[in-house]
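Please walk through this structure with the sequence and the model side by side. The account below starts at the ligand, moves on to the place where the chains meet, and ends with a handful of individual residues.

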Amino acid sequence: MTTTDSSTTPRAPKGKRRIGDVVFGNTARGSGILILAILAGVAAFLIIQSFDALSANTANFLTTTEWDANTDADEEPAFGVAALAFGTVLAAALALVIATPIAVGIALFIAYYAPRRLASLLGYIVDLLAAIPSVVYGLWGIGYLVQELTPFYQWLSDYLGWIPLFAGPISTTGRTMMSAGIVLAVMILPIITAISRDVFLQVPRGHREAALALGATRWEMIRMAVLPFGRPGVIGGAMLGLGRALGETMAVAMILSPALIISPHLLQSGNQTIAAHIALQYPEATGHGVSALIAAGLVLFAITLVVNMAARYVVARRKEFSE
Amino acid sequence: MAKRIDVSGLNVYYGDFLAVEDVSMTIEPRAVTAFIGSSGCGKSTFLRTLNRMHEVAPNARVDGKVMLDDLDIYAPEVDPVAVRREIGMVFQQPNPFPTMSIYDNVIAGSKLNNQRMSKSNADDIVERALRDANLWDEVKDRLAKPGSGLSGGQQQRLCIARAVAVQPEVLLMDEPCSALDPISTLAIEDLIASLKENYTICIVTHNMQQAARVSDQTAFFNLAGTGQPGRLIEMGETNKIFTKPDKKETENYITGRFG
Ligand SMILES: Nc1ncnc2c1ncn2[C@@H]1O[C@H](COP(=O)(O)OP(=O)(O)O)[C@@H](O)[C@H]1O
Ligand SMILES: [Mg+2]
């Protein structure tokens with residue numbers, strides 16, 4: 001169409017560029033460029049600022065677990081991000097595993113089971129959860145939740161202790177990866193629930209009726225029509241939640257009793273996340289310390305980027321079947 | 001297969017609004033019954049009460065009686081899910097499940113009843129249903145492809161295949177051709193003519209030529225005025241309704257559209 005003779009096809013008159021279009025177009029373009037520039041700027045900052053410590057580092061940054069970076073000028077720093085990256089991914093994955101099924105359940109209940117009044121009340125409450133500051137979640141976690149959960153942890157390790165994840169002896173303080181994961185799960189629950197509920201409500205009526213007309217019960221209708229349609233949305237919501245969990249600092253810093261080890265034992269103390277480590281170490285960082293922490297930040301940035309790209313890939317892969 | 005439907009004194013309400021008033025009719029097995037009438041007179045509403053699909057609307061309710069042979073489908077102990085397994089439905093917009101392959105679309109209903117069907121059994125059901133829907137030759141080489149990749153007419157025949165795969169007694173169709181082009185429409189009409197050997201078929205249509213072509217019986221619905229409930233004005237042999245109807249109202253409608 002665009003190649004046909006411009007004198008015969010109706011198109012926007014050339015000379016008259018409407019001022020509103022121009023302003024809006026440039027604003028949109030400018031915002032897009034600005035976002036890219038900010039992203040590139042952050043990446044450049046991280047790379048440049050971490051260079052100093054990385055080049056002085058005597059240990060392998062990616063495989064070392066110790067963090068010995070606060071050295072004087074004449075000493076050699078030796079630090080690595082392995083334990084921190086492991087802890088970061090573990091905490092976020094744990095949060096996701098706990099939160100996603102619950103969020104999908106709540107979203108389905110709100111969208112298809114609850115009476116209308118209750119549904120909007122529940123939706124409102126879930127949105128409120130998202131408004132609670134993370135330091136409050138941290139206080140709640142350390143001041144209340146860990147004590148309440150200790151008997152449950154004991155039970156887990158008594159009966160499922162043969163699985164390394166739940167192996168004892170459990171931490172008496174409860175300041176463990178499991179507690180951090182649970183608090184993170186509560187924090188990411190609202191975003192996953194809200195997005196899942198929205199996509200579940202968007203399932204075309206035709207698909208739902210097609211299932212019901214085949215003699216599906218409500219649950220069968222949900223399995224046939226709602227969940228497959230909502231899947232990319234649920235994944236998208238989960239990835240947003242995962243992004244938040246990966247970067248969450250305050251609640252984790254307050255709950256975990258840190259140790260720079262790679263341990264799969266969720267009920268024992270130990271492990272640390274990148275974000276919490278940066279927050280706790282930054283005030284005392286000397287020598288190469290700050291630069292080393294920025295290098296850790298670079299790794300967190302990279303992990304988040306990879307997670308997001310993976311999510312996009314998963315969502316796009318099913319496209320042929322989802323339109 | 002194929003059962004008779006007997007409706008008596010059926011009223012349908014949406015909340016306080018009486019949408020369809022006092023319909024009584026008998027729908028014969030192994031025949032096609034067409035519902036015609038101006039838009040908004042309650043044809044879809046009435047059709048959906050025949051397999052309790054109207055219950056999807058939260059405020060819809062009926063009083064009156066609908067018998068499927070000896071079964072009162074509104075008896076308190078009857079599960080609407082069971083009713084819909086006996087009385088299938090095809091909608092105006094083709095609505096194959098977009099995330100499922102052609103094969104999975106066809107087998108979806110059978111899987112509800114029987115999770116552990118053998119592969120060869122499932123293959124048989126799929127092939128038979130697709131053959132019944134005159135679609136087998138067009139899709140047999142791409143059963144694993146998504147149903148949404150088919151043309152509109154093929155999608156609608158896929159939906160018919162999906163509905164007949166569970167071997168219902170009755171097939172309800174709500175304007176199944178109104179989203180389709182004329183060639184696909186003819187294909188569906190041929191299909192309806194062959195399906196009536198085994199099923200009781202009800203079809204709502206806006207197109208009176210279509211009603212005349214495919215149906216054995218025709219029921220004419222009309223509204224007394226806006227805000228008034230829809231009523232069944234007249235029902236009879238399609239030939240008779242289109243040539244010498246008993247009611248003046250029917251004649252006006254038919255001649256107004258036909259002449
Ligand atoms: N879900 C619903 N809620 C309330 N009113 C409805 C609903 N569906 C249909 N109606 C009303 O019922 C009447 C009959 O509609 P419908 O059965 O769709 O007519 P037709 O199929 O003959 O065009 C119309 O007045 C319509 O507005
Ligand atoms: Mg209608």
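**The ligand and its surroundings**

The shell of residues around ligand 1 is made up of five nonpolar residues, five polar residues and one charged residue. This is a predicted model, and every distance and area given here should be read with that in mind. The residues in question belong to chain B, and they are B:Tyr14, B:Phe17, B:Ala19, B:Ser39, B:Gly40, B:Cys41, B:Gly42, B:Lys43, B:Ser44, B:Thr45 and B:Ala57. When they are sorted by secondary structure, strand β2 (17–27) and helix α1 (43–49) of chain B are each found to supply at least two of them, and α1(B), with three residues, gives the most.

Which backbone atoms lie beside the oxygen atoms of ligand 1, and at what distance? A backbone N or O atom of B:Gly40 is 2.7 Å from an oxygen atom of the ligand, while for B:Gly42 the corresponding distance from a backbone N or O atom to a ligand oxygen is 3.1 Å. A polar backbone atom of B:Lys43 likewise lies 2.8 Å from an oxygen atom of ligand 1. Taken on its own, ligand 1 has 560 Å² of accessible area, and the protein covers 63% of it.

Turning to the backbone of chain B, strand β2 also holds B:Asp22, whose phi angle is near 50°, a positive value in a residue other than glycine. B:Asp22 counts as exposed, because its relative accessibility is 51% and the cut-off for that class is over 50%. B:Arg30, in the loop between β2 and β3 (32–37) of chain B, also has a phi near 50°, again a positive value in a residue other than glycine. With a relative accessible area of 44%, B:Arg30 is classed as partly exposed.

**Where chain A and chain B meet**

On the chain B side, 28 residues are in contact with 24 residues of chain A. Between them the two chains bury about 2100 Å², and 64% of this area is on carbon and sulfur atoms. Within chain B, the residues that lose the most area to chain A are B:Phe97, B:Thr99 and B:Leu112, which together account for 28% of what that side buries.

One residue of chain B that touches chain A is B:Gly88, as its contacts include A:Ala213. B:Gly88 lies in strand β6 (residues 87–90), and it is buried, with a relative accessible area of 4%. Leaving out residues up to four places away in sequence, B:Gly88 also touches B:Pro168, B:Val170, B:Leu171 and B:Leu172 within its own chain. B:Leu171 deserves a second look in the sequence, since it is 83 residues from B:Gly88 along the chain, yet the two C-alpha atoms are 4.9 Å apart in space.

**Buried residues in helices**

Is B:Glu189, in helix α7 (residues 182–195) of chain B, buried or exposed? B:Glu189 counts as buried, because its relative accessibility is 5% and the class takes in values under 20%. Beyond its neighbours within four places in sequence, this glutamate is in contact with B:Gln210, B:Arg213 and B:Val214. The side chains of B:Glu189 and B:Gln210 make a polar contact at 2.8 Å, and the C-alpha atoms of these two residues, which are 21 residues apart along the chain, are separated by 7.9 Å.

Chain A offers two serines to examine in the same way. A:Ser196, in helix α5 (residues 177–201) of chain A, is buried, with a relative accessible area of 0%. Apart from neighbours within four places in sequence, A:Ser196 is in contact with A:Val104, A:Ala107 and A:Val234.

The other serine, A:Ser291, is found in helix α10 (residues 289–317) of chain A, and at 7% relative accessibility it counts as buried. Where in the sequence do the contacts of A:Ser291 lie, once its neighbours within four places are left aside? They are A:Gln49, A:Ser50, A:Phe51, A:Asp52 and A:Ala53.

Note on methods. Residues numbered from 1 in each chain as written. Chains lettered and ligands numbered in written order. Predicted model: local features only at pLDDT ≥ 70, side-chain atom pairs only at ≥ 80, totals over all residues. Heavy atoms only, no water. Helix = DSSP H or I, 4+ residues; strand = E, 2+ residues; numbered from the N terminus. Buried < 20%, exposed > 50% of the residue type's maximum accessible area, 1.4 Å probe, protein only. Contact = heavy atoms within 4.5 Å. Near = heavy atom within 4 Å. Polar contact = N/O pair within 3.5 Å; in protein donor to acceptor, adjacent residues only side chain to side chain. Areas by Shrake-Rupley, 256 points an atom, 1.4 Å probe, with all protein chains shown as cover. Nonpolar A, V, L, I, M, F, W, Y, C, P; charged D, E, K, R; others polar. Buried area = accessible area lost by both parts, 1.4 Å probe.
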